[in-house]
Amino acid sequence: MAATETAERRRMNASSSEARRTHDETKLSLKTTEFWAMAGVIAAILIATWVSDSLDDVRAWTLVAAVAIGYMISRGIAKSGTKYAGGEDPLNRDNR
């Protein structure tokens with residue numbers, strides 16, 4: 001109890017720049033709309049390839065690669081210049 005109260009006081013007395021550093025600006029990738037939009041577009045491309053005779057496999061996989069590259073670039077831009085505080089890291093076992 002005393003440890004949590006001390007941590008609470010420290011957090012409340014911290015300057016605004018310190019408080020900002022402990023919070024990430026970007027979300028975990030599975031929590032973003034871009035990820036689910038990319039997954040939906042890739043599923044739509046692959047279903048359209050399966051159903052359609054005019055869309056061949058090579059073109060479909062080229063489109064899937066283009067969508068994936070676009071997603072990676074958008075995530076890179078979203079995360080550029082931000083410092084990761086470790087709040088949502090699933091492999092960070094110290095915060096259990």
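In this predicted model, the cover over the buried residues of helix α4 includes helix α3. The buried residues in question are Ala60, Val64, Ala68, Tyr71 and Arg75 of α4. Helix α4 has 23 residues, and the distance from its first C-alpha to its last is 33 Å, close to the 33 Å expected at 1.5 Å a residue. After α4 comes Gly81, which has a positive phi, near 80 degrees.

The cover also holds in the other direction, since what lies over the buried residues of α3 includes α4, residues 57–79. Helix α3 is made of 19 residues, 33–51. At 1.5 Å a residue, α3 should span 27 Å, and its end C-alpha atoms are 27 Å apart, which agrees. Phe35, Met38, Ile42, Ile45 and Thr49 are the buried residues of α3. These residues cover an arc of only 95 degrees around the axis, and therefore lie on the same side of α3. An α-helix has 3.6 residues a turn, so residues three or four places apart point the same way. The face of α3 turned away from the buried side carries the exposed residues Thr33, Trp36, Ile47, Trp50 and Val51.

The packing of the two helices can be described by an angle and a distance. The angle between α3 and α4 is about 175 degrees, and their axes are 9 Å apart. Angles over 145 degrees count as roughly antiparallel, and α3 and α4 are therefore roughly antiparallel to each other. On the α3 side, the contact is made by Glu34, Phe35, Met38, Val41, Ile42, Ile45, Leu46 and Thr49. On the α4 side, the contributing residues are Asp57, Ala60, Trp61, Leu63, Val64, Val67, Ala68, Tyr71 and Arg75. Sorted by class, the contact of α3 with α4 has 13 nonpolar residues, one polar residue and three charged residues.

Two residues of this contact, Ile42 and Trp61, are described further. Ile42 is part of helix α3. Its relative accessibility is 17%, and Ile42 counts as buried because the cut-off is under 20%. When residues up to four places away in sequence are not counted, Ile42 touches Val64 and Val67. Both Val64 and Val67 are among the residues that α4 brings to the contact with α3. Ile42 and Ala66 are 24 residues apart along the chain, and their C-alpha atoms are separated by 9.9 Å.

Trp61 is part of helix α4. With a relative accessible area of 52%, Trp61 is exposed, because the cut-off for exposed residues is over 50%. Trp61 nevertheless belongs to the α4 side of the contact with α3. From Trp61 to Ile45, the distance is 8.6 Å, C-alpha to C-alpha, and the two are 16 residues apart in sequence. Ile45 is one of the buried residues of α3.

For the protein as a whole, the secondary structure consists of four helices and zero strands. The order of elements from the N terminus on is α-α-α-α. The protein has 96 residues, of which 16% count as buried. Among contacts in the protein with a separation of 6 or more, 63% are between residues 24 or more positions apart.

How values were computed
Residues numbered from 1 in each chain as written. Predicted model: local features only at pLDDT ≥ 70, side-chain atom pairs only at ≥ 80, totals over all residues. Heavy atoms only, no water. Expected span 1.5 Å × (residues − 1). Buried < 20%, exposed > 50% of the residue type's maximum accessible area, 1.4 Å probe, protein only. Arc of directions from axis to C-beta. Contact = heavy atoms within 4.5 Å. Axes fitted to C-alpha atoms, helices over the stretch in contact; angles between N-to-C directions. Parallel < 35°, antiparallel > 145°, perpendicular 65-115°, else oblique. Nonpolar A, V, L, I, M, F, W, Y, C, P; charged D, E, K, R; others polar.
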